[in-house]
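Student: I should like to request a close look at a single part of this structure, namely the metal site, together with the fold that surrounds it. Please give one connected account.

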Amino acid sequence: MGFPAVHADIAPAVRRGALHLSTFCQLPDPNVIEALAKTKLDSFILDMQHGMFDEAAVVASVAAAALEGKPAFVRLPVDCGGLASRVLDFGAVGVVCPMVNTVADAERLVSYTKFPPVGFRSWGPRRAIPLSGLNGPGYLAKANELNLAIAMIETRQALDNLDAILAVPGIDGVFVGPSDLSVSLSGGETLDSADVAPALDHVAARAKAAGKFAGVFAISSGYATDCIARGYSFIALMQDALFMQQAADAAVTAVRGKA
Ligand code: 3PY
Ligand code: MG
(Lines give C-alpha, C1' and ligand atoms only; values in the text may rest on other atoms or scores of the structure.)
(Ligands and ions follow the chains in the order given, each with its own letter.)
Protein backbone atom coordinates (compact mmCIF):
# COMPACT_ATOMS: atom_id res chain seq x y z
CA MET A 1 0.00 0.00 0.00
CA GLY A 2 1.33 3.43 -0.94
CA PHE A 3 0.59 6.93 0.28
CA PRO A 4 -2.93 8.27 -0.29
CA ALA A 5 -3.23 11.15 -2.79
CA VAL A 6 -3.80 13.78 -0.10
CA HIS A 7 -2.85 16.71 -2.34
CA ALA A 8 -5.53 16.21 -4.96
CA ASP A 9 -8.12 18.79 -3.88
CA ILE A 10 -6.36 20.96 -1.31
CA ALA A 11 -4.74 23.81 -3.25
CA PRO A 12 -7.67 24.45 -5.62
CA ALA A 13 -10.10 24.62 -2.67
CA VAL A 14 -7.83 26.94 -0.66
CA ARG A 15 -7.35 29.14 -3.74
CA ARG A 16 -11.14 29.34 -4.16
CA GLY A 17 -11.40 30.65 -0.59
CA ALA A 18 -12.96 27.55 0.98
CA LEU A 19 -12.55 27.67 4.77
CA HIS A 20 -9.37 25.76 5.67
CA LEU A 21 -8.52 25.16 9.33
CA SER A 22 -4.86 24.30 9.83
CA THR A 23 -2.59 24.71 12.85
CA PHE A 24 1.05 25.53 13.53
CA CYS A 25 3.09 22.54 14.65
CA GLN A 26 6.22 23.30 16.61
CA LEU A 27 6.90 19.89 18.22
CA PRO A 28 8.96 17.93 15.69
CA ASP A 29 7.69 14.44 16.42
CA PRO A 30 5.61 12.51 13.87
CA ASN A 31 3.63 10.98 16.75
CA VAL A 32 2.24 14.45 17.51
CA ILE A 33 1.04 14.84 13.93
CA GLU A 34 -0.36 11.31 13.91
CA ALA A 35 -2.44 12.17 16.99
CA LEU A 36 -3.55 15.59 15.72
CA ALA A 37 -4.40 14.15 12.31
CA LYS A 38 -7.21 12.20 13.97
CA THR A 39 -8.91 15.52 14.87
CA LYS A 40 -11.10 17.70 12.63
CA LEU A 41 -8.15 19.90 11.60
CA ASP A 42 -7.75 20.08 7.83
CA SER A 43 -3.94 20.21 7.73
CA PHE A 44 -0.75 21.09 9.59
CA ILE A 45 1.84 23.81 9.16
CA LEU A 46 5.20 22.38 10.22
CA ASP A 47 7.08 25.36 11.60
CA MET A 48 10.73 25.65 10.56
CA GLN A 49 10.81 29.35 11.49
CA HIS A 50 9.89 29.39 15.18
CA GLY A 51 9.14 25.70 15.78
CA MET A 52 11.72 22.97 16.26
CA PHE A 53 11.29 21.30 12.88
CA ASP A 54 14.40 20.41 10.90
CA GLU A 55 14.39 18.72 7.51
CA ALA A 56 14.31 15.16 8.89
CA ALA A 57 11.34 16.04 11.10
CA VAL A 58 9.53 17.55 8.11
CA VAL A 59 10.03 14.33 6.10
CA ALA A 60 8.71 12.17 8.96
CA SER A 61 5.78 14.44 9.83
CA VAL A 62 4.62 14.97 6.24
CA ALA A 63 4.51 11.18 5.94
CA ALA A 64 2.71 10.74 9.28
CA ALA A 65 0.05 13.28 8.26
CA ALA A 66 -0.36 11.70 4.82
CA LEU A 67 -0.80 8.22 6.27
CA GLU A 68 -3.75 9.68 8.23
CA GLY A 69 -5.09 11.24 5.02
CA LYS A 70 -4.08 14.85 5.76
CA PRO A 71 -1.74 17.28 3.97
CA ALA A 72 1.02 19.31 5.59
CA PHE A 73 2.41 22.75 4.82
CA VAL A 74 5.80 24.04 5.93
CA ARG A 75 6.53 27.48 7.32
CA LEU A 76 10.03 28.24 6.13
CA PRO A 77 12.74 30.15 7.94
CA VAL A 78 13.30 33.74 6.79
CA ASP A 79 15.30 33.89 3.52
CA CYS A 80 14.19 30.36 2.71
CA GLY A 81 15.82 29.94 -0.70
CA GLY A 82 16.20 26.37 -1.91
CA LEU A 83 14.61 24.94 1.22
CA ALA A 84 11.24 25.84 -0.28
CA SER A 85 11.80 23.48 -3.22
CA ARG A 86 13.20 20.85 -0.90
CA VAL A 87 10.17 20.68 1.43
CA LEU A 88 7.85 20.55 -1.60
CA ASP A 89 9.92 17.56 -2.81
CA PHE A 90 9.41 16.04 0.65
CA GLY A 91 5.65 16.26 0.08
CA ALA A 92 4.57 19.56 1.63
CA VAL A 93 1.43 20.78 -0.17
CA GLY A 94 2.56 24.38 0.18
CA VAL A 95 4.98 26.74 1.83
CA VAL A 96 4.25 29.68 4.11
CA CYS A 97 7.13 32.13 3.75
CA PRO A 98 7.71 34.68 6.54
CA MET A 99 8.62 38.33 6.07
CA VAL A 100 7.72 38.76 2.40
CA ASN A 101 8.16 42.52 2.36
CA THR A 102 8.87 43.38 -1.25
CA VAL A 103 8.09 42.26 -4.78
CA ALA A 104 11.63 40.85 -4.95
CA ASP A 105 10.90 38.70 -1.84
CA ALA A 106 7.67 37.46 -3.46
CA GLU A 107 9.38 36.70 -6.78
CA ARG A 108 12.11 34.82 -4.95
CA LEU A 109 9.47 32.69 -3.18
CA VAL A 110 7.78 31.91 -6.49
CA SER A 111 11.08 31.10 -8.19
CA TYR A 112 11.68 28.25 -5.70
CA THR A 113 8.13 26.92 -5.52
CA LYS A 114 6.83 26.87 -9.09
CA PHE A 115 8.18 25.06 -12.14
CA PRO A 116 8.84 27.01 -15.38
CA PRO A 117 7.44 29.08 -16.91
CA VAL A 118 6.25 30.59 -13.59
CA GLY A 119 9.38 29.92 -11.49
CA PHE A 120 12.63 27.95 -11.50
CA ARG A 121 11.84 24.98 -9.23
CA SER A 122 14.23 22.11 -9.96
CA TRP A 123 12.86 18.65 -10.74
CA GLY A 124 13.00 15.93 -8.06
CA PRO A 125 9.61 15.62 -6.33
CA ARG A 126 10.55 12.50 -4.36
CA ARG A 127 7.47 12.25 -2.15
CA ALA A 128 5.33 14.89 -3.84
CA ILE A 129 4.57 12.50 -6.71
CA PRO A 130 2.94 9.74 -4.64
CA LEU A 131 1.04 12.33 -2.58
CA SER A 132 -0.32 13.86 -5.79
CA GLY A 133 -1.60 10.52 -7.09
CA LEU A 134 -0.01 11.34 -10.46
CA ASN A 135 2.94 9.99 -12.41
CA GLY A 136 6.01 12.11 -13.18
CA PRO A 137 4.76 13.82 -16.36
CA GLY A 138 1.33 14.27 -14.77
CA TYR A 139 2.89 15.91 -11.73
CA LEU A 140 5.01 18.24 -13.85
CA ALA A 141 1.88 19.34 -15.70
CA LYS A 142 -0.10 19.97 -12.51
CA ALA A 143 2.46 20.83 -9.80
CA ASN A 144 2.11 24.62 -9.99
CA GLU A 145 -1.63 24.22 -9.43
CA LEU A 146 -1.27 21.56 -6.73
CA ASN A 147 1.05 23.51 -4.47
CA LEU A 148 0.59 26.81 -2.69
CA ALA A 149 3.08 29.66 -2.36
CA ILE A 150 1.86 31.75 0.56
CA ALA A 151 3.51 35.08 1.39
CA MET A 152 3.43 36.28 4.99
CA ILE A 153 2.47 39.93 5.42
CA GLU A 154 3.82 41.01 8.77
CA THR A 155 5.53 44.38 8.45
CA ARG A 156 4.65 47.96 7.55
CA GLN A 157 6.80 47.57 4.44
CA ALA A 158 4.79 44.52 3.36
CA LEU A 159 1.56 46.52 3.81
CA ASP A 160 3.02 49.33 1.71
CA ASN A 161 3.85 46.82 -1.05
CA LEU A 162 0.75 44.66 -0.61
CA ASP A 163 -0.91 45.19 -4.00
CA ALA A 164 2.36 44.62 -5.83
CA ILE A 165 3.10 41.46 -3.81
CA LEU A 166 -0.42 40.17 -4.52
CA ALA A 167 0.10 40.85 -8.22
CA VAL A 168 3.19 38.62 -8.49
CA PRO A 169 2.23 35.63 -10.68
CA GLY A 170 2.62 32.43 -8.68
CA ILE A 171 1.83 33.98 -5.30
CA ASP A 172 -1.32 32.06 -4.41
CA GLY A 173 -2.30 33.90 -1.26
CA VAL A 174 -1.13 36.03 1.64
CA PHE A 175 -0.98 35.22 5.34
CA VAL A 176 -0.89 37.76 8.15
CA GLY A 177 1.37 37.26 11.16
CA PRO A 178 -0.46 39.44 13.70
CA SER A 179 2.36 39.52 16.26
CA ASP A 180 5.14 40.61 13.93
CA LEU A 181 2.74 43.02 12.25
CA SER A 182 2.00 44.58 15.64
CA VAL A 183 5.71 44.75 16.47
CA SER A 184 6.40 46.44 13.14
CA LEU A 185 3.46 48.88 13.25
CA SER A 186 4.23 49.89 16.84
CA GLY A 187 7.96 50.30 16.27
CA GLY A 188 8.71 47.42 18.64
CA GLU A 189 6.39 48.64 21.42
CA THR A 190 3.73 45.94 21.60
CA LEU A 191 2.46 42.56 20.39
CA ASP A 192 -1.09 43.85 20.53
CA SER A 193 -1.28 47.12 18.59
CA ALA A 194 -4.71 48.60 17.84
CA ASP A 195 -3.41 49.20 14.30
CA VAL A 196 -3.51 45.45 13.53
CA ALA A 197 -7.32 45.23 13.25
CA PRO A 198 -7.65 47.81 10.43
CA ALA A 199 -4.62 46.24 8.76
CA LEU A 200 -6.37 42.86 8.89
CA ASP A 201 -9.38 44.37 7.11
CA HIS A 202 -7.13 46.04 4.55
CA VAL A 203 -5.22 42.82 3.73
CA ALA A 204 -8.44 40.81 3.36
CA ALA A 205 -9.96 43.46 1.06
CA ARG A 206 -6.86 43.81 -1.13
CA ALA A 207 -6.46 40.00 -1.39
CA LYS A 208 -10.09 39.68 -2.44
CA ALA A 209 -9.65 42.44 -5.04
CA ALA A 210 -6.64 40.55 -6.42
CA GLY A 211 -8.60 37.27 -6.54
CA LYS A 212 -6.29 35.64 -3.97
CA PHE A 213 -7.01 34.14 -0.56
CA ALA A 214 -6.12 35.63 2.81
CA GLY A 215 -4.77 33.61 5.72
CA VAL A 216 -3.90 34.45 9.30
CA PHE A 217 -2.54 32.98 12.51
CA ALA A 218 -5.28 32.84 15.16
CA ILE A 219 -4.16 32.46 18.75
CA SER A 220 -7.66 31.35 19.80
CA SER A 221 -10.92 30.14 18.29
CA GLY A 222 -12.44 33.57 19.04
CA TYR A 223 -9.68 35.32 17.10
CA ALA A 224 -10.26 32.84 14.24
CA THR A 225 -13.99 33.50 14.00
CA ASP A 226 -13.33 37.25 14.09
CA CYS A 227 -10.84 36.91 11.23
CA ILE A 228 -13.23 34.71 9.22
CA ALA A 229 -15.84 37.49 9.57
CA ARG A 230 -13.20 39.92 8.25
CA GLY A 231 -12.76 37.79 5.11
CA TYR A 232 -10.03 35.29 6.03
CA SER A 233 -10.40 31.71 4.80
CA PHE A 234 -7.03 30.04 5.53
CA ILE A 235 -6.60 29.89 9.29
CA ALA A 236 -3.68 28.58 11.32
CA LEU A 237 -5.69 27.86 14.46
CA MET A 238 -3.46 27.88 17.53
CA GLN A 239 -0.48 25.53 17.93
CA ASP A 240 0.13 21.89 18.86
CA ALA A 241 1.52 22.62 22.34
CA LEU A 242 -1.20 25.18 23.03
CA PHE A 243 -3.93 22.61 22.25
CA MET A 244 -2.35 20.20 24.75
CA GLN A 245 -1.88 22.82 27.45
CA GLN A 246 -5.40 24.22 27.14
CA ALA A 247 -7.02 20.77 27.08
CA ALA A 248 -4.97 19.65 30.10
CA ASP A 249 -5.81 22.80 32.06
CA ALA A 250 -9.50 22.55 31.17
CA ALA A 251 -9.61 18.91 32.31
CA VAL A 252 -7.70 19.57 35.54
CA THR A 253 -9.85 22.62 36.32
CA ALA A 254 -13.03 20.61 35.72
CA VAL A 255 -11.86 17.85 38.06
CA ARG A 256 -10.68 20.24 40.79
CA GLY A 257 -13.99 22.04 40.56
CA LYS A 258 -15.78 18.79 41.36
CA ALA A 259 -13.31 17.45 43.96
C1 3PY B 1 3.16 36.33 13.74
O2 3PY B 1 2.14 36.56 14.40
O3 3PY B 1 4.06 37.14 13.55
C4 3PY B 1 3.33 35.01 13.17
O5 3PY B 1 4.29 34.78 12.48
C6 3PY B 1 2.28 34.00 13.47
O7 3PY B 1 2.83 32.74 13.55
MG1 MG C 1 5.75 36.27 12.41
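Tutor: The account begins with a residue of the metal site: D180 has a relative accessibility of 25% and therefore counts as partly exposed, since that class lies between the buried limit of under 20% and the exposed limit of over 50%. The model is a predicted one. D180 contributes an OD donor to the magnesium ion (ligand 2), and E154 contributes an OE donor, at 2.1 to 2.2 Å. These two residues come from distant parts of the chain, 26 residues apart. E154 sits in the loop between β5 (148–153) and α8 (156–160), whereas D180 belongs to helix α10 (residues 178–185). Their exposure may be set side by side: E154 counts as buried because its relative accessibility is 2%, while D180, at 25%, is partly exposed.

Helix α10 also leads to a loop. The loop between α10 and α11 (196–210) contains D192. At 66% relative accessibility, D192 counts as exposed, because the value is over 50%. Along the chain, D192 and L181 are eleven residues apart, and 9.2 Å separates their C-alpha atoms.

The strand β5 that precedes the loop of E154 is also part of a barrel, which eight strands close in the order β1-β2-β3-β4-β5-β6-β7-β8 with parallel pairing. On average, neighbouring strands of this sheet are turned by 25° against each other, direction ignored. One pair in the barrel may be described in more detail: β7 (residues 213–218) and β8 (residues 234–239) run parallel and are joined by four bridges. Within that pairing, A218 has L237 in β8 as its bridge partner. Helix α13 (residues 240–258) lies across β1 (20–25) and β8, and runs at about 55° to β8.

The cysteines complete the picture. The structure holds zero disulfides. C25 takes part in none, and the nearest cysteine sulfur, which belongs to C97, is 19 Å away; a disulfide would require the two sulfur atoms to be within 2.5 Å. C25 counts as buried because its relative accessibility is 0%, and C97 likewise counts as buried, at 5%.

To return to the metal site, the magnesium ion (ligand 2) is thus held in the model by a buried E154 and a partly exposed D180.

Notes. Residues numbered from 1 in each chain as written. Chains lettered and ligands numbered in written order. Predicted model: local features only at pLDDT ≥ 70, side-chain atom pairs only at ≥ 80, totals over all residues. Heavy atoms only, no water. Pairing = 2+ DSSP bridges. Axes fitted to C-alpha atoms, helices over the stretch in contact; angles between N-to-C directions. Contact = heavy atoms within 4.5 Å. Buried < 20%, exposed > 50% of the residue type's maximum accessible area, 1.4 Å probe, protein only. Donors = N, O, S within 2.8 Å, 3.2 Å for Na, K, Ca; no water.
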